[in-house]
Amino acid sequence: MKRLGILLSGRGSNFEAIANNVASGRLEAEIAAVISNRPEAPGLQIARERGLPAVVMPSKGVAREDYDRSVVAELTKRGVDLICLAGFMRLLSADFCRAFPMRILNIHPSLLPAFPGLDAQKQALEHGVKISGCTVHFVDELLDAGPIVLQAAVLVLDQDTVDSLSARILAEEHRIYSEAIRIVLSGRWRIEGRRVVAG
Ligand code: GRF
């Protein structure tokens, strides 16, 4: 069984959606660790309630290289095959990315490469796009930049607020993250340039 390492900083709804799919057998994998850099992250509590290994690794005041080294060590110790960033509010160092090449995924609430970074839904609304969505991509050391595994489109409505748009995007995030994990774990893909293609 492939082992997932989840990294989060907050609410943890994407993690919860993944955990639900694992629990129901729709996603064949096990969650080997849920690591948070914020001790107060609600996602950690969700992990504890589900009996999953919740690991607090506070990042405050720790130099990036030192912090990343200890997270890499923890993930390695737990034999993680694939790392899923799920609202992990930190940029990973090059060393971290190199430790797990093409084995780190992230979910971002826009159709990348549009609106990388913080508040993607607000950026989309303010820009006036008519379609936004979410993206699951491999992680490299650049922000929201690696090869794209899956995307889902969401229509932006005239009456949308940041909250209403975010909620509809989030529903799609919960759907495609597990799907992308399934694809990546299957091993039936390859990279052509920037493209992730079947095969
Ligand atoms: C999601 O919108 C995700 O796309 C972004 O951070 C948010 C995390 O939400 N990277 P949650 O903690 O999974 O509920």
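The following exercises, with worked solutions, concern the ligand site and two backbone features of a predicted model.

**Exercise 1.** Identify which residues surround the ligand, and classify them by character.

*Solution.* Begin by collecting residues with a heavy atom within 4 Å of the ligand. This shell consists of R11, G12, S13, N14, G87, I107, H108, P109 and E173. Next, sort these residues by character: 2 are nonpolar, 5 polar and 2 charged.

**Exercise 2.** Determine which side chains place an N or O atom within 2.7 Å or less of a ligand oxygen, and state how much of the ligand the protein covers.

*Solution.* Take the side chains in turn, using a cut-off of 3.5 Å for a polar contact. For S13, a side-chain N or O atom is 2.5 Å from an oxygen atom of the ligand. For R11, a polar side-chain atom lies 2.6 Å from a ligand oxygen. For E173, the separation between a side-chain N or O atom and an oxygen atom of the ligand is 2.7 Å. Finally, consider the accessible area: the ligand on its own has 360 Å², of which the protein covers 85%.

**Exercise 3.** Locate the ligand within the fold.

*Solution.* First, the pocket: the ligand sits in the largest one. Second, the secondary structure: α1 (13-24) and β5 (104-108) are the elements that each give two or more residues to the shell. Third, the domains: domain 1 (1-100) and domain 2 (107-199) each supply at least three shell residues.

**Exercise 4.** Describe the backbone at P113 and at M102, and place both residues.

*Solution.* Start from the general expectation that most peptide bonds are trans and most non-glycine residues have a negative phi. The bond from L112 to P113 is cis, with omega near 15°, and P113 belongs to the loop between β5 and α5 (120-127). M102 has a positive phi, near 55°, and is found in the loop between α4 (94-99) and β5.

Notes:
Residues numbered from 1 in each chain as written. Predicted model: local features only at pLDDT ≥ 70, side-chain atom pairs only at ≥ 80, totals over all residues. Heavy atoms only, no water. Polar contact = N/O pair within 3.5 Å; in protein donor to acceptor, adjacent residues only side chain to side chain. Areas by Shrake-Rupley, 256 points an atom, 1.4 Å probe, with all protein chains shown as cover. 1 Å grid on protein atoms, 1.4 Å probe; cavity = no way out; pocket = protein on both sides within 12 Å on 5 of 7 lines; lining within 4 Å. Sits in = over half its atoms within 2 Å of the grid points. Helix = DSSP H or I, 4+ residues; strand = E, 2+ residues; numbered from the N terminus. Nonpolar A, V, L, I, M, F, W, Y, C, P; charged D, E, K, R; others polar. Domains from an automatic or database assignment.
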